[in-house]
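Reader: Hey, could you walk me through the ligand site in this one? I'd like a close look at what surrounds the ligand and what touches it.

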Amino acid sequence: MMEKTQVNEWKEKLPLIGQMTAREEVLWLNPLKESTSTGLQKTGVTAENVKDASDRLKRFAPYIERVFPETKVSNGIIESPITAIPNMKEALSNQYKAAISGELLLKEDNALPISGSIKARGGIYEILKHAEALAIEHGLITTADNYTKFAEPEFHNLFSKHKIAVGSTGNLGLSIGIMSAKLGFDVTVHMSADAKQWKKDMLREKGVTVVEYADDYSKAVEEGRRQADADPSCHFVDDENSLDLFLGYAVAGERVAAQLKARGTIVNKDNPLFVYLPCGVGGGPGGVAFGLKLVFGDAVSCFFAEPTHSPCMMLGMMTGLHDKISVQDFGLDNKTVADGLAVGTASGFVGKTMEPLLSGCYTIADETMFKLLKLSADTENIRLEPSALAGMTGPVQAIHGNVKGANSANATHLVWATGGSMVPEAEMNSYYDMGGK
Ligand SMILES: *Cc1c(COP(=O)(O)O)cnc(C)c1O
């Protein structure tokens, strides 16, 4: 816990922190951002790492297609569409008095198959990588084989002798639980108090062990890690430190590039791309942003969006203290309707990796997320969970913050909608009602 005098020193040094502790919606521009080419060299993560992840997902595609028939349309590749949202653009421009003159696009990870959130990228990838390593080690497969074999009983038998554990606010648990159970692993999900009942119910139905905690995310992760460390047959999916999760997310970069190209959207120096990513612990948005920087370089600017009550990544990056501090240190309570973003301490690995690459962070109030949730349903008939709306004020923040190129008619603004399709209808209706008249 940080001393009160230290908190006051930080507020003096960085006045924005005073506004953050007053839970105002703020924008922070990263002074340590540098050119993509020099920035990437500092990270320790490479294009080869991301290509390796991409190739692995291609090897697994025939298996995914076989066991999750909803992925047939994409030949077993778990991907979501990019959708233009012109009505939302007009509504946002009017409501927030920010003329968004470029195109506004939505990356619909709310519609990702299998688990309906951005976690279907990194979470599923890490489980597949672990399964592949075990299968190779036990002589069941080579990388040249057809991976539909993973659905055969001998694989299931092998995996049933191995455990997987993860700590989660909900959506990571869903992805890890569903994928692990499908392969046959003995899987335990440690859920924070924020996790929704329907997510726990769904996992238990699939044979996943769910352990519940009265505490927040950090506690669920810590307990999960402790129990897993005591058991050598257990693989712990470490949301705070996992390179594999990060790489699974980063594969999105090349896929977005192909999707934008296919729809005729040009991205280069004169046609900049701005991407707004809801951020919890950081792995999802960090990995995606990293993948985007790899393919688009300086032509893309990435921003993380966090709830006003949980701006852990922003505080960590501003102070350079990363995972050594929590939002609670600054008197914030980490209580938010955006359960996917209810994280008090950010990933130090992601914060440090993104330090030379990220354009900035901004915060958004819960009430704003509800308002935008309703607006998105009303104007575009797209239903998102509260966390997934955090990206939506990004263009407004960038334009009001005079971010270079953001108000250009040549700009493309890509809001990353991170979840929603799995939310039960009654729950979604009550969110909608919270958006007001
Ligand atoms: C997990 C999650 C995020 C953020 O991902 P992190 O890796 O925790 O930063 C954003 N939106 C939703 C809906 C999520 O479930």
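Author: Quick bit of vocabulary before we start: a polar contact here is a pair of N or O atoms within 3.5 Å. Also keep in mind that this is a predicted model.

With that cut-off in hand, start at the backbone. A polar backbone atom of Gly-280 sits 2.8 Å from an oxygen atom of the ligand. Val-281 brings a backbone N or O atom to 3.1 Å from a ligand oxygen, and for Gly-283 the corresponding distance, again from a backbone N or O atom to an oxygen of the ligand, is 3.2 Å. As for burial, the ligand has 370 Å² of accessible area on its own, and the protein covers 98% of that.

Zooming out a bit, the ligand has 15 residues around it, and the closest are Lys-119, Asn-171, Gly-282, Gly-284 and Thr-418. Sorted by class, that shell holds eight polar, five nonpolar and two charged residues. Helix H13, which runs over residues 283-296, supplies the largest share of the shell, with three residues.

Now for the empty space. The space that the ligand takes up is the largest cavity. Then there's the largest pocket, with about 290 Å³ of space. Its lining includes Lys-33, Asn-268, Phe-274, Asp-298 and Val-403. By class, the pocket lining splits into four nonpolar, four polar and four charged residues.

Technical notes
Residues numbered from 1 in each chain as written. Predicted model: local features only at pLDDT ≥ 70, side-chain atom pairs only at ≥ 80, totals over all residues. Heavy atoms only, no water. Near = heavy atom within 4 Å. Polar contact = N/O pair within 3.5 Å; in protein donor to acceptor, adjacent residues only side chain to side chain. Areas by Shrake-Rupley, 256 points an atom, 1.4 Å probe, with all protein chains shown as cover. 1 Å grid on protein atoms, 1.4 Å probe; cavity = no way out; pocket = protein on both sides within 12 Å on 5 of 7 lines; lining within 4 Å. Sits in = over half its atoms within 2 Å of the grid points. Helix = DSSP H or I, 4+ residues; strand = E, 2+ residues; numbered from the N terminus. Nonpolar A, V, L, I, M, F, W, Y, C, P; charged D, E, K, R; others polar. Points joined across faces, edges and corners; volume = space filled by probe spheres on them.
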